[in-house]
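Grab your favourite viewer and work through a few exercises with us. Each one sets a task and then solves it step by step.

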Amino acid sequence: MQRAIVLGGSIAGLMAARVLSDHADEVVIIERDGLGPADAGRPGVPQIKQLHVVLEGGRLQMERWFPGLTAELIADGAVPSEGAAIEHYINGVRKVPVAEETTIGLTRPFLEGRIRGKVLDRGNVRLVTGLVRGLLFEHGRVSGARFAPRGPEGADAGADAKETETLTADLVVDATGRSSRVEHWLTDAGWQPPRLDRMRIDLRYTTALFERGDELPAVAVVQSLSTPAAPGTPQADNGVAAEVEGGRWMVVLSAYGQPPDRDADTFVKRVRETPGAPFAEIGRCRLDSDIETYQMADSRRRTFTGLDRFPAGLVVVGDAFASFNPVYGQGMSSAALHASCLSAYLRSDARLSEPAWGYFRRAEVIVDAAWGLSTLGDLAMPHVTGPYPRGYRLTNWYVGKLGLASMTDAEVNRRYLAVAHMREHPRVLTEPSTLWAVARTLRARRRAPAQAPAPAPAP
Ligand SMILES: Cc1cc2nc3c(=O)[nH]c(=O)nc-3n(C[C@H](O)[C@H](O)[C@H](O)COP(=O)(O)OP(=O)(O)OC[C@H]3O[C@@H](n4cnc5c(N)ncnc54)[C@H](O)[C@@H]3O)c2cc1C
């Protein structure tokens, strides 16, 4: 392949560019924000200041494409944690820790900056600052992209540029995020659009940093989830607190169906009241940042397989493919896994003159798994009204039992976390050995009710 173009230079675009650099003479990333400093926030990624958890499945893929990345991040301040230092609470009751669980705490700009540096260090990758306006089509395939060039710092410089330039390529990767215009670009050129499914969730996210002192020395990450409240009762916040670079706690709270609130006193009060003992203590630390909010109306996914006609020369990765409720932290890991699917496709004697079905089929396995897990949790919320997948009631019933068993049984919780961390396919949760472990744990709980806590019925 002579040239590949990647539209969008955030996590999904950078991971795809890394993979493509093994297959193309030249890889060009077209990014509207250019190389502006990510820490200052950038308009193309409005969620950049929210807490971003790196799931283990995603970290392993990132490490695959950038060997040594984890050690480098840790050497420069990211906070590794494992086992009992990671605390999960359901309705304020702590789940049994899993010795094998690991994660790293860091801010999203720090991670993105490191990955970007490594991608651009590859001799055949360059970044062009520009706003992509559409695709080029030729002889029944995508043959490049149209974009309005911008100044090197991105959005502000020349933002109103009217002129467009074109760049041709053998393969174009859409990594422009959840607001991708790929269906419009396709229909404008007479192609079928992918199916777009949305699940309305009305999620409000609020993040801030606190100074970390000597409180909670044995704790690095705390996650608190609350099951849906009874009608008329206030719903408790979900929360995650993670120690990140620079000796700080980064805390995110999420709630459904409420307006954004940037008031610092309100946020601190909410942190202190979040179920799970560590939140009260973290909420007493000194607030060290502004309060950043983000609202997400829906989870959404695009389905490409099953289309009668699709042009060759185009693949879609990351949030442009599927964007989930961030409470489950699946976005960056999905993007990393999509990059690995792209690699598997390109290594499988892919013919670039044909639609990239081999890529879409592989990536849809990832999307189905992540969508299934996150929407199952969302559908339990009273304000989420579907669409319900086939077999929802039975799945929901079983997940309730699994959640209960995972509170106290380390092996059940290990299997659940392997799926939640995107290291294992959800099918492991319905393997006979898991069903047996769940049944055995629940039977033991019934026999010894006094010893067991009474947690909520969901993971
Ligand atoms: C509130 C919130 C919290 C989240 N928390 C987590 C978490 O804990 N863990 C996790 O793994 N994920 C999380 N995510 C998801 C994560 O942010 C994304 O999955 C991740 O950024 C990868 O997305 P992406 O690269 O596909 O798209 P994005 O990050 O949205 O990037 C799209 C890129 O395309 C560029 N672009 C867009 N349009 C154009 C255009 N026309 N021309 C040129 N460039 C363009 C943008 O500037 C941007 O750089 C969260 C998301 C949200 C909203």
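The exercises below go from salt bridges to aromatic rings, a pocket and the backbone.

**Ground rules**

This is a predicted model, in which local features need pLDDT of at least 70 and side-chain atom pairs count only at pLDDT 80 or more, while totals for chains, interfaces and linings use all residues. Residues are numbered from 1 along each chain as its sequence is written, and side-chain values use heavy atoms, with hydrogens and water left out.

**Exercise 1. Find which parts of the chain the salt bridge between Arg42 and Glu112 ties together.**

Step 1: Start from the criterion. A salt bridge is a side-chain nitrogen of Lys or Arg within 4 Å of a carboxyl oxygen of Asp or Glu. The structure holds 33 salt bridges.

Step 2: Check the distance. Between the side chains of Arg42 and Glu112, N to O is 2.6 Å.

Step 3: Place both partners. Helices (H or I, at least four residues) and strands (E, at least two) are DSSP runs, numbered from the N terminus. Arg42 lies in the loop between strand E2 (26-31) and helix H2 (56-65), and Glu112 in helix H4 (residues 108-120), so the bridge ties together parts that are 70 residues apart in sequence.

Step 4: Look at accessibility. Buried means under 20% relative accessible area, exposed over 50%, and partly exposed in between (1.4 Å probe, protein chains only). Arg42 is buried, with a relative accessible area of 7%, and Glu112 is buried too, at 1%.

Step 5: Widen the view. Arg42 and Glu112 belong to a network of salt bridges that also links Glu31, Arg32, Asp33 and Arg108.

**Exercise 2. Decide whether Glu72 and Lys118 are buried, partly exposed or exposed.**

Step 1: Confirm the contact. Glu72 and Lys118 form a salt bridge, with 2.9 Å between the closest N and O atoms.

Step 2: Locate the ends. Glu72 sits in helix H3 (residues 69-75) and Lys118 in helix H4, so this pair joins parts 46 residues apart in sequence.

Step 3: Apply the accessibility cut-offs. Glu72 is partly exposed, at 33%, and Lys118 is also partly exposed, at 21%.

**Exercise 3. Classify the ring geometry of Phe321 and Tyr359.**

Step 1: Recall the rule. Rings of Phe, Tyr and Trp (its six-membered ring) pair if their centres lie within 6.5 Å; planes under 30 degrees apart count as stacked, over 60 as edge-to-face and the rest as tilted. The structure holds 12 such aromatic pairs.

Step 2: Read off the values. The centres of Phe321 and Tyr359 are 6.5 Å apart and the planes make 55°, which gives a tilted pair.

Step 3: Map the pair onto the chain. Phe321 is in the loop between strand E16 (314-316) and strand E17 (322-323), and Tyr359 is in helix H9 (residues 357-379), 38 residues apart. Both are buried.

Step 4: Collect the neighbours. Phe321 and Tyr359 share one aromatic cluster with Phe304, Phe310, Trp357 and Phe360.

**Exercise 4. Work out which element gives the largest share of the lining of the second largest pocket.**

Step 1: Fix the construction. On a 1 Å grid over the protein atoms alone, a pocket is an open set of points where a 1.4 Å probe fits, with protein on both sides within 12 Å along at least five of seven lines; lining residues have an atom within 4 Å of a point. Points are joined across faces, edges and corners, and the volume is the space filled by probe spheres set on them.

Step 2: Note the result. The second largest pocket has a volume of about 1,100 Å³. It is lined by 43 residues, and the closest to its centre are Gly372, Leu373, Thr375, Leu376 and Gly377.

Step 3: Compare the contributors. Strand E11 (195-211), strand E15 (292-303), H9 and helix H10 (392-408) each give two or more residues; H9 has the largest share, with eight.

**Exercise 5. Which peptide bond is cis, with omega near 5°?**

Step 1: Recall the background. Most residues other than glycine have a negative phi, and most peptide bonds are trans.

Step 2: Inspect omega. The bond from Gly386 to Pro387 is the cis one, and Pro387 is in the loop between H9 and H10.

Step 3: Inspect phi as well. His139 has a positive phi, near 50°, and is exposed at 77%. Leu216 also has a phi near 50°, but Leu216 is buried at 13%.
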